[in-house]
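Welcome! Please take a moment to look over the sequence and the fold before reading on, and keep the view open so that you can find each place as it comes up.

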Amino acid sequence: MKKLRWAIDGELWELDASTPRTLEGAARAVPGKALPLGLSRGTKLFRPNQIDFMQRFMAAPFLPSYTHHLGVTIQRVLSIPVSENWSALLLGQFNLRKFLSSLKENGGGDGVRKRDLKSIGKLFLDKSLYALGFSSEVLLTPDDTLLLSSDSYYAHNSSSIPRKKVVFRHKFPHHNLTVDAAWPALFVDKETGTYWDVPFSMAIDLASLPLDSGLSYHLCLHHNHGSPKQFQGDPIAQVPASLFPGISAKCAFSYEKNVDIWRSKAQKLKMVQPYDVFLSNPHVSASGTIGAVLSANFGESSVRLVEDAKDIKQLSYHNPTLKSTLLGDIFASMSFTAQHGNFQRLVSDLTRFHVRMDFPSGSKFLSGATLLVQDLLNSHQPSPEAVKMICPTTSLSLQQQIAGPFSFRVDSGVVIDFKDKGWHIQADQPVFAIEYALQVLWSAKAVAWYSPKHQEFMVELRFLES
């Protein structure tokens, strides 16, 4: 289980988003426009290791995925034995949609019946049907890990460019150090749902290990080089300021407090192991986080950040000659969780609800509150801009057991449509998932999820995540 761990990070920090758009299976979150908060992205089991695990222990010959630009693809890995502290995996991807289209085009509507096996076999020689990824993980010491990965796509289009990545991790007492470089690096803007490729991106991150309650901090040095390019097929959007070339240094401190409002004291079923130990205690709880962040930016990105935050009164200093900017702000987050059931019985033993509200910029909130008070004092109707500035970023999660280890889950943001005079509340970028708890591993699950917004489907493995 040493390598099969899912790091638990604070909820406020932006984590990598899962996506089948690349063989790596992940995209970095674009930091916030007003003040970047993407200080720590957390770690998880890499995509090739997930597929290898499912092949070995879940009898899965391959894993399917879907994106609107590639269609249905299937993936399989080949493990290359090296040594006890050195593993290597070869990941192959086959474009099933393109293969079926080629089969139909070459043989008409009755393609399979009109073609012999030899001619059909020639279709498999088309290199554009394949993508190949190589990853190698080296355990340098018990506390040091080095990961190298390289992806190659044989289809000749802008969305299938070769990708390379290097990640080094070191575990200090109560701290994690991560150094990673990617070229190009894939980012996703969670506000608009668009993906961006940055030619080169490097980050050095030092984070204190998260605690149930208490003080934690993050330090990060981040460098982007090259002009960001929007992922092919996405709707046209404005380039986020933090993705432009430049160097940024960030420091954030936060204090989190968790409170149990109610926790069940009823005994669990004897001699029956829960499907997931993290979901085995009925309870009602709340948590709150408050913190401050300071960001120093150099280069073109600093100029863009100042332009984005020009209407917000915050701690800031800008030197146009040196193309440098210093920004400071406060942030806060609140969450509420309620769970019924121990997740031990076959049916009706798990219902879980979670809501989180983030205030990523205290300065933005105060600016919006000031405008709102002015509108009320002047007997004016509150402006949509003022209301939007004080509204938190809200997300909801609902999970319900279907039968045994299977459960249904939906995660969604909540936004107000200010374009409508009625200011209707609507779901934002919902994700629907079926989860299968791996009971023998205490807290692990296979997740099959679909995102209507991104038109993406993916099957992945997760550990130690509630």
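Let us begin with charges: the structure holds 12 salt bridges. Please keep in mind that this is a predicted model. Three of the pairs are set out here.

| Salt bridge | Closest N to O distance |
|---|---|
| Asp349 and Arg345 | 3.8 Å |
| Arg356 and Asp358 | 3.1 Å |
| Glu435 and Arg409 | 3.6 Å |

The pair of Glu435 and Arg409 links distant parts of the chain, with Glu435 in strand 22 and Arg409 in strand 21, 26 residues apart. Are these two residues buried or exposed? Glu435 has 3% relative accessibility and so counts as buried. Arg409 is buried too, with a relative accessible area of 12%. Both residues belong to a wider network of salt bridges, which links Arg409, Asp411, Glu435 and Lys445.

The partners Asp349 and Arg345 make a nice contrast. Asp349 is buried, at a relative accessible area of 4%, whereas Arg345 is partly exposed at 41%. As for the pair of Arg356 and Asp358, the Asp358 side counts as buried because its relative accessibility is 10%, under the 20% limit.

Now follow the strands that carry some of these residues. Strand 21 (residues 406–417) pairs with strand 22 (residues 424–437) in the antiparallel sense, over 11 bridges. Within this pairing, Asp417 has His424 in strand 22 as its bridge partner. Strand 21 is also joined to strand 20, again antiparallel, over 9 bridges. Here Ala403 finds its bridge partner in Phe406 of strand 21. Strands 20 and 21 form a hairpin with 2 residues between the strands, and in that hairpin Gly404 takes a positive phi near 55°.

Strand 20 also leads us to the surface. Which residues form the nonpolar patch there? They are Val259, Ile261, Trp262, Phe336, Phe353, Leu396 and Leu398, and together they have about 600 Å² of accessible area. Strand 15 (246–263) and strand 20 (393–403) each supply at least two residues of the patch. Strand 15 gives the most, with 3 residues. Leu396, for its part, is found in strand 20, and its relative accessibility of 33% means that Leu396 counts as partly exposed.

Elsewhere, look for an open sheet of 5 strands in the order 1-2-10-11-14, with mixed pairing. Its edges are strand 1 (17–18) and strand 14 (229–230), each of which pairs on one side only. Strand 10 (residues 185–189) and strand 11 (residues 194–198) run antiparallel and are joined by 5 bridges. In this pairing, Ala185 stands opposite Val198 of strand 11. As background, strands of a sheet pair through backbone hydrogen bonds, either parallel or antiparallel.

The last stop is the aromatic rings, where the count comes to 11 pairs. Why is the pair of Phe94 and Phe99 called tilted? Their ring centres are 5.6 Å apart and their planes stand at 55°, and an angle that is neither under 30 degrees nor over 60 falls in the tilted class. Phe94 is buried, with a relative accessible area of 10%, and Phe99 is buried at 8%. Ring pairs also bring in Phe124 and Tyr130, so that these two join Phe94 and Phe99 in a cluster.

Technical notes:
Residues are numbered from 1 along each chain as its sequence is written. This is a predicted model: local features need pLDDT of at least 70, side-chain atom pairs count only at pLDDT 80 or more; totals for chains, interfaces and linings use all residues. Side-chain values use heavy atoms; hydrogens and water are left out. Two strands pair if DSSP finds at least two bridges between them. Helices (H or I, at least four residues) and strands (E, at least two) are DSSP runs, numbered from the N terminus. Rings of Phe, Tyr and Trp (its six-membered ring) pair if their centres lie within 6.5 Å; planes under 30 degrees apart count as stacked, over 60 as edge-to-face and the rest as tilted. Buried means under 20% relative accessible area, exposed over 50%, partly exposed in between (1.4 Å probe, protein chains only). Patches are made of residues with over 30% relative accessible area and no salt bridge: like charges are joined within 9 Å, nonpolar side chains (Val, Leu, Ile, Met, Phe, Trp, Tyr) within 5 Å. Accessible areas come from the Shrake-Rupley method with a 1.4 Å probe; for residues, only the protein chains shown count as cover. A salt bridge is a side-chain nitrogen of Lys or Arg within 4 Å of a carboxyl oxygen of Asp or Glu.
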